[in-house]
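The exercises below are meant to be worked through with the sequence and the 3D view side by side. Try each task before you read its solution.

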Amino acid sequence: PNPPAGPNEPTSPTETGSTTAAGETKPAAATKVTVSRQRPSSIEKYERQTRDFRRTEGMTITAVASSKSVASSLRAKSRHSLSLKKSSGGITETVEADFFTPSSCFTHEGGVGGKGKENQDAHFIAQPSDELLVAGVFDGHGKRYGQVAAQTAASTVKAFLCEQHAALQESPTETLQQAFAAAHAAIRSVMLRRQPTMLLVGGGAERKAVDATPESPSRAGVHAAGGFLLDLYKEDGSDDAPSDLDAVHWDAADGGTTATVVVVIKGKRLIVAAVGDSSAALVGRDQDGQPKHQLLVGEHSPTSLAEFERISQWRREFRPRQAMPRFVYDCPDGEMIDVFGEKNGKAVLDKNAEKEADKHDCMVKTSRGDLVTCVVIPEESVVLPSPRGECEKKEAATTPELSAAEVVLVDEQLIAMTRSLGDFYAHHHGVSAEPEIEMFNLNRLAESGWRAPHLLLATDGIWDMWTYDEVAERLVPAAGERPSSSLSADFLHFCESTRAKSCEYFNEAADNLTGVFLSLDGQK
């Protein structure tokens with residue numbers, strides 16, 4: 001189980017709701033939305049920095065719809081009815097189910113599109129039985145293995161949940177935990193198959209010792225199981241795959257993904273499981289017709305006090321000799337300012353640190369005013385496994401000869417989240433693949449003040465460009481407004497607007513964007 005949020009933990013902009021005796025989270029009643037952290041100049045600073053970025057690039061991009069976008073729409077009625085039809089915006093899917101959950105999906109590599117840019121996002125939506133709908137979004141990171149991590153996680157989780165649909169309905173928490181663990185392991189296997197010269201470190205006796213800990217075997221194992229991977233990198237520091245003629249060195253393989261998965265059971269229960277910062281949120285209107293939202297699972301970000309305390313406790317229990325990862329504001333001048341301080345022997349969010357980061361012109365990464373932060377995974381000297389040890393003997397022509405006592409220094413890594421799939425070296429230092437899971441009773445939405453509730457799960461390429469209320473305003477019609485022809489058309493228009501806005505700010509450096517949008521009140 002995850003530790004509760006500390007007294008100084010940043011909260012979502014709306015009330016978090018209450019928990020019923022059955023363990024379900026009741027959505028909060030309609031409240032006036034306030035931003036949990038506002039700096040008067042944050043949005044102005046965001047706009048200024050993006051304008052500066054465009055000037056630096058020396059480009060003007062005309063935002064146009066791209067044939068590289070893929071949109072799909074799903075509607076309920078008969079599990080066996082499936083039709084595909086082409087459209088200029090991509091592919092439109094219509095699926096029928098026994099409960100009524102109109103849905104739409106979108107993904108795009110970002111920027112104008114069609115220029116060979118890699119889309120490291122992945123998503124799925126499926127109906128494994130007449131009573132279940134499952135969907136997920138995944139945001140990969142890492143130049144070499146980000147895309148394969150996201151795609152592997154998406155396919156593994158989808159296949160696992162579809163195969164285990166009976167267990168998913170009966171025991172959703174345990175089944176989702178198993179699905180995430182399977183995806184984490186599958187990413188390691190795929191990376192080893194893709195790059196057979198990799199070395200596996202710490203996957204044998206070390207794992208057994210950790211798993212034997214009686215206090216929390218599963219929590220220990222989710223970090224340590226399987227060890228981490230070393231890959232060959234060019235001495236010039238580039239991420240390009242080395243050739244036989246390049247000077248190389250060993251370093252930790254870099255690549256992983258977020259994962260946010262939702263399960264709708266009989267149209268009445270909603271379960272959300274997530275690692276990373278691909279948020280899932282309810283968006284809709286309150287009884288007065290005003291935009292309303294609620295984050296369903298908090299982001300596992302470097303500003304989360306609960307996550308800082310979780311990793312600190314894990315290190316004390318299982319890696320007491322390792323250096324503690326640093327949670328920092330990452331400033332463009334190279335300064336790294338610790339997010340947390342200490343008061344009366346306890347970790348607290350350091351309010352002065354944010355002010356100090358502003359002085360160093362720390363970039364604002366979202367329209368909500370969030371600063372760029374990261375977790376610094378410390379460097380570590382490791383003994384390479386012998387050729388006859390944990391890893392199989394490699395081809396001498398492609399792999400440096402190893403002695404049983406050869407030691408290499410693994411460089412520090414930066415990661416923007418505290419939970420993920422993949423990222424095996426970061427997991428060696430406390431980052432976790434254990435999903436945070438929340439349950440909700442959809443029958444209680446109306447009594448909690450929700451009108452026209454919808455669910456959006458999306459990568460940060462979408463969330464970073466808007467405030468949460470702007471998302472609700474754009475996606476959910478207000479009282480008295482005439483809705484457009486379909487949920488799919490509304491969502492496609494919103495996503496293209498998001499892509500255009502991101503392209504205007506960042507040109508071809510704009511992030512990938514992917515989302516799955518579900519109506520929870522039966523509206524078309």
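**Exercise 1. A salt bridge between two strands**

Task: Decide whether Asp-338 is buried, partly exposed or exposed, and find out which residue its side chain meets in a salt bridge.

Solution: Keep in mind from the start that this is a predicted model. Begin with the accessibility: Asp-338 has a relative accessibility of 37%, and because buried means under 20% and exposed means over 50%, Asp-338 counts as partly exposed. Next look for the partner, which is Arg-326, with N and O 3.0 Å apart in the salt bridge. Arg-326 is also partly exposed, its relative accessible area being 35%. Finally place the two residues in the chain: Asp-338 belongs to strand 18 (residues 336–338) and Arg-326 to strand 17 (residues 326–330), so the salt bridge ties together parts that lie 12 residues apart in sequence.

**Exercise 2. The sheet that holds these strands**

Task: Work out the order of the strands in the open sheet that contains strand 17 and strand 18, and state which strands stand at its edges.

Solution: The sheet has four strands, arranged in the order 18-17-21-24 with antiparallel pairing. Strand 18 and strand 24 (413–415) each have a single partner strand, so they stand at the edges and one side of each is left without a neighbour in the sheet. On average, neighbouring strands here are turned by 45° against each other when direction is ignored. Now examine one pair in detail: strand 21 (residues 373–377) and strand 24 run antiparallel and are joined by three bridges, and Ile-377 stands opposite Gln-413 of strand 24. As a last step, look for what lies on the sheet: helix 8 (residues 351–359) packs there, touching strand 17 and strand 18, and its direction makes about 165° with that of strand 18.

**Exercise 3. A second open sheet**

Task: Describe the sheet in which strand 10 takes part, and find the bridge partner of Leu-230.

Solution: This open sheet has three strands in the order 9-10-11, and its pairing is antiparallel. Strand 9 (199–201) and strand 11 (248–252) are its edges, and since each has a single partner strand, one side of each is left without a neighbour in the sheet. From one strand to the next, the twist averages 40°. Strand 10 (residues 228–234) is joined to the antiparallel strand 11 by five bridges, and the bridge partner of Leu-230 in strand 11 is Ala-252.

**Exercise 4. Salt bridges across the chain**

Task: Compare the surroundings of two further salt bridges, one between Arg-144 and Asp-231 and one between Glu-131 and Lys-266.

Solution: Start with Arg-144 and Asp-231, whose side chains meet with an N to O distance of 2.8 Å. Arg-144 lies in the loop between strand 8 and helix 2 (146–163), while Asp-231 lies in strand 10, so this pair ties together parts that are 87 residues apart in sequence. Both Arg-144 and Asp-231 are buried.

Turn then to Glu-131 and Lys-266, whose closest N and O atoms are 3.9 Å apart. Glu-131 sits in the loop between strand 7 (121–129) and strand 8 (132–141), and Lys-266 in the loop between strand 13 (259–265) and strand 14 (269–275), so that distant parts of the chain, 135 residues apart, are linked. Glu-131 is partly exposed at 33% relative accessibility, and Lys-266 is partly exposed as well, at 43%. In the whole structure, a search finds nine salt bridges.

**Exercise 5. The buried side of a helix**

Task: Name the buried residues of helix 11 and explain why they can be said to lie on the same side of the helix.

Solution: In helix 11 (residues 468–475), the buried residues are Tyr-468, Val-471, Ala-472 and Leu-475. They cover an arc of only 95° around the axis, and therefore they lie on the same side of helix 11. The elements against which these buried residues pack include strand 27 (451–458), helix 12 (487–506) and strand 28 (513–519). One residue of strand 27 is His-454, which counts as buried at 3% relative accessibility. A polar atom of the His-454 side chain lies 2.8 Å from the backbone oxygen of Ala-452.

Note on methods: Residues numbered from 1 in each chain as written. Predicted model: local features only at pLDDT ≥ 70, side-chain atom pairs only at ≥ 80, totals over all residues. Heavy atoms only, no water. Pairing = 2+ DSSP bridges. Axes fitted to C-alpha atoms, helices over the stretch in contact; angles between N-to-C directions. Salt bridge = Lys/Arg side-chain N within 4 Å of Asp/Glu carboxyl O. Buried < 20%, exposed > 50% of the residue type's maximum accessible area, 1.4 Å probe, protein only. Arc of directions from axis to C-beta. Contact = heavy atoms within 4.5 Å. Polar contact = N/O pair within 3.5 Å; in protein donor to acceptor, adjacent residues only side chain to side chain.
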